[in-house]
Amino acid sequence: GKSSLMNLLLEMSGPVSERAVEKKVFEKDMLFATLDTSIRQITLPGRLPFLLSDTVGFIEDIPHDLIKAFRSTLAEVKYADVLLIVMDSSDPHHDMHKKVTEETLRDLDALTIPKIYVYNKSDLRDKDLSIENVPESDNVYISARTGYGIDELLEKLEDVFLKDSKKIDVIIPYTDGDLLNRLHDSASIISEEHTADGTHVTAVCSTALADHIASRLA
């Protein structure tokens with residue numbers, strides 16, 4: 001479920017080394033296999049880096065004492081920019097799991113945070129993987145095993161991250177150094193490379209700055 005997705009994104013973030021293997025999240029089909037929230041930085045080429053937090057799973061009728069014990073862990077959900085609700089789509093009870101998760105989020109006053117419903121193991125549910133991921137939907141069907149749907153999931157994440165910003169990919173001539181300085185001061189630089197024509201920059205900045213740069217370079 002969640003852990004297998006995080007492990008796939010970690011592998012995509014860099015070469016599989018001893019350190020990367022150590023950073024993998026423990027996967028086991030049991031309740032609260034890991035009790036700590038695992039936070040990892042995901043850095044993929046050409047995409048915005050982000051922190052991915054893997055919380056404990058939500059189950060139906062969690063005993064009250066257990067809820068109290070994990071309250072501080074679950075409370076971190078309220079500070080997320082977006083929630084990925086990962087479900088095993090091949091499990092016939094996944095709709096019930098979704099309902100339980102939403103009830104828990106309501107208890108945590110976290111229902112207003114943007115949500116993406118991630119239906120994992122789509123390859124088990126649909127052998128031909130004929131499920132189409134629609135850009136406007138908050139549902140995305142993936143397979144952490146085969147990699148199906150991962151690009152679409154990353155696109156949906158960036159749409160949330162870029163809600164009040166723009167991602168730009170431009171070549172700034174060396175004669176327009178002031179534009180590059182403004183990007184360094186006000187933007188999140190994803191990549192920067194010096195070429196024969198100028199500095200090739202991929203960055204995220206305010207819509208106003210992105211429009212200003214576009215007009216200057218037009």
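**Lys 156, helix 8 and a hairpin**

Colleague: Which residues does Lys 156 touch, leaving out those up to four places away in sequence?

Modeller: This is a predicted model, in which local features need pLDDT of at least 70, side-chain atom pairs count only at pLDDT 80 or more, and totals for chains, interfaces and linings use all residues. Residues are numbered from 1 along each chain as its sequence is written, and side-chain values use heavy atoms, without hydrogens and water. With contact taken as heavy atoms within 4.5 Å, Lys 156 touches Ile 116, Val 134, Pro 135, Ser 137, Asn 139 and Val 140.

Colleague: Which side chain of opposite charge is nearest to Lys 156?

Modeller: Lys 156 belongs to helix 7, residues 150-161 (helices, H or I, at least four residues, and strands, E, at least two, are DSSP runs numbered from the N terminus). Lys 156 is buried, meaning under 20% relative accessible area, with exposed being over 50% and partly exposed in between (1.4 Å probe, protein chains only). Lys 156 has no salt bridge, which would need a side-chain nitrogen of Lys or Arg within 4 Å of a carboxyl oxygen of Asp or Glu. At 6.6 Å, the nearest side chain of opposite charge (Lys and Arg positive, Asp and Glu negative, His and the chain ends not counted) is Asp 159.

Colleague: Which residues of helix 8 are exposed on the side away from its buried ones?

Modeller: The buried residues of helix 8 (177-186) are Leu 179, Leu 180 and Leu 183. Because their arc, taken from the directions from the helix axis to the C-beta atoms, is only 100°, they lie on the same side of helix 8. Exposed on the other side are Asp 185 and Ser 186.
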